[in-house]
Amino acid sequence: MWPFASPKTSLRQQKYADWFRCLDRTGDGSVDRDDFEAIVLTMTSALGKGAADSQSRALRAAYMDLFDALSAHLDEDGDGKIDLDEFVGFYSSLAADVERTGTVPRWALAQLRCLLESLDTDGDGAISVEEFGTYLRAVGSDAAAETAFRLLDENGDGLVSLTELETRFREWLTSDDPSRPGNVLMTGRLPE
Ligand SMILES: [Ca+2]
Ligand SMILES: [Ca+2]
Ligand SMILES: [Ca+2]
């Protein structure tokens, strides 16, 4: 599946590419605003909400904020589209920075907060297994939400908090160890 599969492709790069493929809902090889509109549409229809509903509007705003936060750092040539090379290259260098400094930069944490808001459809400040499942289906992942969610929910209280999201994001970003629970954060699965 991964187009540049080779023994040199690290697990982390495969994770970035797998998330990219999920986000590219239009399948045109780039991630742009249309893909995020498609994700929102799938989520709101799964929730049985029309576009004018206040929950739909909040969700749409959260996804557009997430896209803006991503493209501010990832869209190197400024054409409004993020291609696979920009995406994988960006997260690879972010991972190297995090390993070097030991901290996730403030702007990357702001992106995570946008991600939390995008998944948190009932607005209670945390992600439930149902919300995670709605997100996975909206991005076209075939992963079982329950299995993935158990890995993400560190303290087992049935919710993924922002703190847990930060821990798992760090693993998703930097780990090449297939046994780390955070590997499944963005797509609910290990890349093939
Ligand atoms: Ca696309
Ligand atoms: Ca929630
Ligand atoms: Ca938890």
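Guide: A crossing is left-handed if the near helix is turned anticlockwise from the far one by less than a right angle, and right-handed if clockwise. This is a predicted model, in which local features need pLDDT of at least 70, side-chain atom pairs count only at pLDDT 80 or more, and totals for chains, interfaces and linings use all residues. Residues are numbered from 1 along each chain as its sequence is written, while chains are lettered from A and ligands numbered from 1 in the order in which they are written.

Visitor: In which hand does helix 4 pass helix 8?
Guide: Helix 4 covers residues 84-101 and helix 8 residues 162-174 (helices are DSSP runs of H or I, at least four residues, numbered from the N terminus). Their axes, lines fitted to C-alpha atoms over the stretch in contact, lie 9 Å apart at an angle of about 115 degrees. That makes helix 4 roughly perpendicular to helix 8 (65 to 115 degrees). The crossing of helix 4 past helix 8 is left-handed.

Visitor: Which residues of helix 8 make the contact with helix 4?
Guide: Helix 4 contributes Y91, L94, A95, V98 and E99 (contact: C-beta atoms, placed from the backbone, within 7 Å). Facing them from helix 8 are R170, L173 and T174.

Visitor: Which residues of helix 7 make the contact with helix 6?
Guide: Helix 6 and helix 7 (residues 145-152) pack at about 120 degrees, their axes 9 Å apart. Helix 6 passes helix 7 in a right-handed crossing. V129, F132, G133 and L136 of helix 6 meet, from helix 7, A145, E146 and F149.

Visitor: How far apart are the end C-alpha atoms of helix 2?
Guide: Helix 2 has 14 residues, 33-46. At 1.5 Å a residue (times one less than the number of residues), the helix should span 20 Å. The model agrees, with the end C-alpha atoms of helix 2 apart by 20 Å.

Note on methods:
Axes fitted to C-alpha atoms, helices over the stretch in contact; angles between N-to-C directions. Parallel < 35°, antiparallel > 145°, perpendicular 65-115°, else oblique. Contact = placed C-beta atoms within 7 Å.
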